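Morning, everyone. Please have the viewer open, and follow along as I talk.

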Amino acid sequence: MSGRNIPAVHPSCSSTLPIRTSQTDQLHVFPTSTPDWNNLKVIHRNTLPPRAHFHLYETEKDALTRDVARSKAQLLSGRWLFRLSKFPLEGPTDFWNQDFDALSKSSEWNHIQVPGMWQCQGFGKGPQYTNINFPWPVNPPYVPIDDNECGRYVTRFILSEKDKDHQLRLRFEGVDSAFTVWVNDHEVGYSQGARNPSEFDITPFVNYDERNTLSVEVYQRCDGSYIEDQDQWWLSGIFRDVWLHKFPKTHFQDLHVQTIQNEKYDTWTFRVTAKVNHAADVSLQLLDADGKTVVRKGRAGESIVHFETDIHNPHTWTAETPYLYTLILSMKGCAVTQKVGFRQVELIDGVFCVNGEPIKLRGVNRHEHHPDSGRAVPYAWLKRDLLLMKQHNINAIRTSHYINDPRLYDLADELGLWILDECDLECHGLFVVGGDGNSFASNNPDWEEAYVDRARQMVMRDYNHPSIILWSLGNESGHGRNHQAMYDFIKSVDTSRPIHYEGDWNAESADIISRMYASVGDMENYAREREWNKPVVLCEYVHAMGNGPGAIKEYIEIFYRYPRLMGGFVWEWANHGLRTKNKDGEEYMAYGGDFGDDPNDYNFVMDGLCFSNHTPTPGLIEYKKATEPVQVLDFEDGSVRIVNRYDFLSLDHLRCRWRIVAGRSHLPGLEVEIPKGLKPHTSAVIKIPNLPRILSPDSHLTLEFSYAEATPWCETGHVVATGQIRLSPPANLPLLQSPTYPFAAKVVNKTVLSISAPLSPAWEFDLTQGALTSWIRPSFEGGNILTEPLRIDLYRAQTDNDRGCDFGRNWTDRRLHQMKNHLIQASWNQKSDGAVEVMVKGRIAPPVVNWALEHTTTYLFSRDAVHIKVRAKPTGYGLPRAWARFGLTTGIMGCETVGWFGRGPGESYRDKKESQLVGTYERKVDELFTDYEFPQENGNRCDVRWVEFCEGGGGGRGISRRRPGKRLLRARFGTHEGASFTALHYDTKSLEESQHPYELHKKKREDTVVHLDWYHHGLGTGSCGPETLPEYTLRADQEFECEIVLD
């Protein structure tokens, strides 16, 4: 029996209260006893001891297929009968002994898909999202009796005569949050621990060669819900598979595999411990990846059978070289198989090492999520997640914050991913209600078994996976005696893996030091401590909410600089949006509050590197670049220095090609040889042959490293790393040519300066606004291409990272969003060569406050171009800490295609740009828009030299490859570093006010809103972590002098 298994009693009872006095004075109590789901003393009733996850097969041949359809197990998942009540004491509490056919005909019963969450299938009050807060009155260990939805499930299954003489084990891989089970009107037992498996022996209750009825009552909440307060949707139901395992009369009950490396790292001890239920002759085989026998042994045993042998220089398992052997254990009529990786984890002089070598974790936190089915994740979706991770240079997963679907670990073993396996434990909601949060549960001895049970379930199930290199005691649960009890239990079972727990700040019951959202500076301070014996990991960092994260590379650089730093896990892998429709039938991804859920934590559930449909955001592309296994360091005398950032591999499996990009030209290069046998974490030189001696301005050498052959997770040619080095400086802004004919410049309607000449555009300048308001090209059928005056802009629609930190609050407080351009003086004159110069003195300021940005802007109109020069100086009290941007904005009519030379093709910002290489690009305006699931600033392209806005046409990947549409306007920044642009069909106000994409899409404009920025504030990770770093902050207390040419 597993921890705190209690003998079977009434399904809702664990203790009976004295209720009777006399026949005439009788006390009636309802409910008559404390329900199991509200009784801390009841964790399981009649469950079998936790075991390793495996299927038994009748023969070795079947076992080697690893096809569970051929195993001695029956899958019960599928379409079940279902009825929901508002709480467990309401509705048909005796449903388990009612006739199945009668239930199936009843209008009060529906069908539901198992696995599944009932809220995602239209039942109950719907999904609810909170990050920390419990959505019920906090009174641990009790949850409200009358506010606890109860789902009642019924299905049938058939057994045959050949299933006799088997132990029939009913296994639930995951039920949220607790449940009671009946088979054929017999109560079987009870269990809780939402993301942990539960297994029951139902052999005494079944019938053969006739239908059996399985009834399950699932409770939305239980006392265990207080320690299942993870940052995700509150969802309920049987959300993982249900299996009926058929263990033969003599069978394997459990299996543990160990691989132990000797001190010289050349010989390994291979140790297997098998638990059997009866005396048996057990044979063992270990096969290599080619199916050849490496070890064959036989042994007899009664309850525990041990095997141990030494293997010289086996292929080892790492996330980069996931070589797996196959273990087969068999006895008469029973076989089991387990993949084996020779892998050893240890701390060597305090450095985290695998197989004797230090490694760096380039990881992500992964919740189980599907946009339609919540935590009920199909296998194909799960596999796609892991393939996508491998393709984006991710090498590690933290199973935040519970053990995952067991199939994830099989995939991680096969594909090669390090796993930090985490207990289903989090109770941070107890720390915001007052008092000592630890006293409620973590430091309360009454909760010890509930905590230890979660560690037991994790370790016993997942012990055999080589991908698991760390155990974790859970997340954000304070720290107390019960964490120590968990630690002690794990060490009693497994000493081969270190234990992690971030809440243990001093690592008293952990083997490594863990931090969340520490700054780069703080991490460097840890790394530089003189005395230390435990490594440091960032279990959560670079919070990937909305447009971001910014400044990833700074973390990666210090990880590789200091041996003590293990790396980290980005928060998090994917947004948790649930697909739904608004009242008009428009589909969108919902977040907190969208289902009427209250309380809720709004869109904080949208904080992933992937959108809710698990396609990459720009943040994932940037993370791939930051964690690439080959880094280009520098260039000198025709040679490029690179460093190998793999932990175990050389670069022999890669190939490298180079090319040169400049302006509108593109010089294709050739493949170059990468030095053979380059050891991990060492550098080498690649010689670039036949580089041209004369280069165009702003030429860049681009290198691309790709797989020479296909792997299980990528195709041939998959790019894993890129590098780019500037070879020549950019060109200065051109000197404007004098007009062919003198301009006719005159003031019309008293306030508008009209400028025109043959063969040139015609402009109008509003002297009262101090702004260019009209630009008429003879070739443009619509006349004026400008839909808004050209003006200076300092603001952007706030990102999640802006709103989450002081910058966004400061902008709102200082009314940056309300700033306007106010004219002080406008003057103009005509030069001797016929050009026209306009000078504007203005003051950009919002109402109420005293600060302003005073500027003098000069416009020189000559031939078909306008040269604009801005000098700006901040004045007054209460300046914002930073500007969001400093540049010009306008609207352009008729623009549908944009071409530019700068970083691309995707969006980029000053602290999120490394993944976007300098080149010449062209995109449709709609393609420049990033449709974030919570609208915000997006679509910027930075480090731009020039950009041109055109009518239709194009669609090619480079200007030179298209049939260009008519150019409406071009902007040139010359040698200015850091210039950027956006071109969207949405304005700042619409982006800022919309809360969902469907709201924003209704505000789409016919014209194109253009920003031409000399400087743009960085993104940071301020939604939960460090704000924009100083080096990426656009400080407001500085003067500016900038110029641009428009033609």
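Let's begin on the outside. Which residues form a nonpolar patch on the surface? They are Val138, Phe431, Val432 and Val433. Together they have about 290 Å² of accessible area. Take Val433 from that group. Val433 sits in the loop between strand S28 (418–422) and helix H5 (437–440). Its relative accessibility is 42%, so Val433 counts as partly exposed.

Now, a word on trust. This is a predicted model. The mean pLDDT of the protein is 95, and 97% of its residues reach 70 or more. Over residues 6–21, though, the pLDDT is below 50. That stretch has 46 contacts in the model beyond near neighbours in sequence. Residues 954–962 also stay under 50. For them, the model has 24 contacts beyond four places in sequence. Where pLDDT is low, predicted coordinates should not be read in detail. Keep that in mind as you scroll.

Next, the whole protein. How many helices and strands does the secondary structure come to? The count is 14 helices and 60 strands. The radius of gyration is 33 Å. The globule rule gives 31 Å for 1047 residues, and the two values are close, so the protein is as compact as a globular protein of that length. Along its principal axes, the C-alpha trace spans about 110 × 80 × 55 Å.

What about inside and outside? Buried residues make up 62% of the 1047. The protein exposes about 39,600 Å². Carbon and sulfur atoms supply 47% of that area. Then look at contacts with a separation of 6 or more: residues 24 or more positions apart account for 73% of them.

Let's go inside. Find helix H10, residues 618–626. Why is H10 called largely enclosed by the rest of the structure? Because 8 of its 9 residues are buried. Those are Pro618, Gly619, Leu620, Glu622, Tyr623, Lys624, Lys625 and Ala626. Notice that this list holds Glu622, Lys624 and Lys625. What do the buried residues of H10 pack against? Two helices are on the list: H3 (379–391) and H9 (552–561). The strands are S26 (361–365), S32 (536–541), S33 (565–570) and S42 (719–726).

Helix H4 is another one to find. H4 covers residues 406–415, and 7 of its 10 residues are buried, so H4 too is largely enclosed by the rest of the structure. Pro406, Leu408, Tyr409, Leu411, Ala412, Asp413 and Leu415 are the buried ones. Their cover includes helix H3, strand S28, helix H6 (448–462) and strand S29 (468–472). So H3 turns up in both places: it packs against buried residues of H10, and it helps cover those of H4. What follows H4 in the chain? Gly416 does, with a positive phi near 100°.

Now some backbone details. Stop at Trp571 and Glu572. A cis peptide bond joins them, with omega about -5°. Glu572 is in the loop between S33 and strand S34 (578–581). We met S33 a moment ago, as one of the elements that the buried residues of H10 pack against. Asp598 and Pro599 are also joined by a cis peptide bond, and omega there is about 5°. Pro599 lies in the loop between strand S35 (587–590) and H10.

Which way does phi point at Asn355, positive or negative? Positive, at about 55°, although Asn355 is not a glycine. Asn355 sits in the loop between strand S24 (351–354) and strand S25 (357–358). At 10% relative accessibility, Asn355 counts as buried. Tyr517 also has a positive phi, near 55°, and Tyr517 is not a glycine either. Look for Tyr517 in the loop between strand S31 (513–516) and helix H8 (520–527). Its relative accessibility is 16%, so Tyr517 counts as buried.

One last stop: Gln338. This residue is in strand S22, residues 334–340. Is Gln338 buried or exposed? Buried, with a relative accessible area of 7%. What is Gln338 in contact with, leaving aside neighbours within four places in sequence? The partners are Arg66, Leu255, Val257, Tyr325, Thr326, Leu327 and Asn464. Click through them one by one.

That's my tour. Over to you.

Notes
Residues are numbered from 1 along each chain as its sequence is written. This is a predicted model: local features need pLDDT of at least 70, side-chain atom pairs count only at pLDDT 80 or more; totals for chains, interfaces and linings use all residues. Side-chain values use heavy atoms; hydrogens and water are left out. Patches are made of residues with over 30% relative accessible area and no salt bridge: like charges are joined within 9 Å, nonpolar side chains (Val, Leu, Ile, Met, Phe, Trp, Tyr) within 5 Å. Accessible areas come from the Shrake-Rupley method with a 1.4 Å probe; for residues, only the protein chains shown count as cover. A salt bridge is a side-chain nitrogen of Lys or Arg within 4 Å of a carboxyl oxygen of Asp or Glu. Helices (H or I, at least four residues) and strands (E, at least two) are DSSP runs, numbered from the N terminus. Buried means under 20% relative accessible area, exposed over 50%, partly exposed in between (1.4 Å probe, protein chains only). pLDDT is the predictor's confidence in each residue, from 0 to 100. Contact means heavy atoms within 4.5 Å. The radius of gyration is taken over C-alpha atoms; the globule rule is 2.2 Å times the number of residues to the power 0.38.
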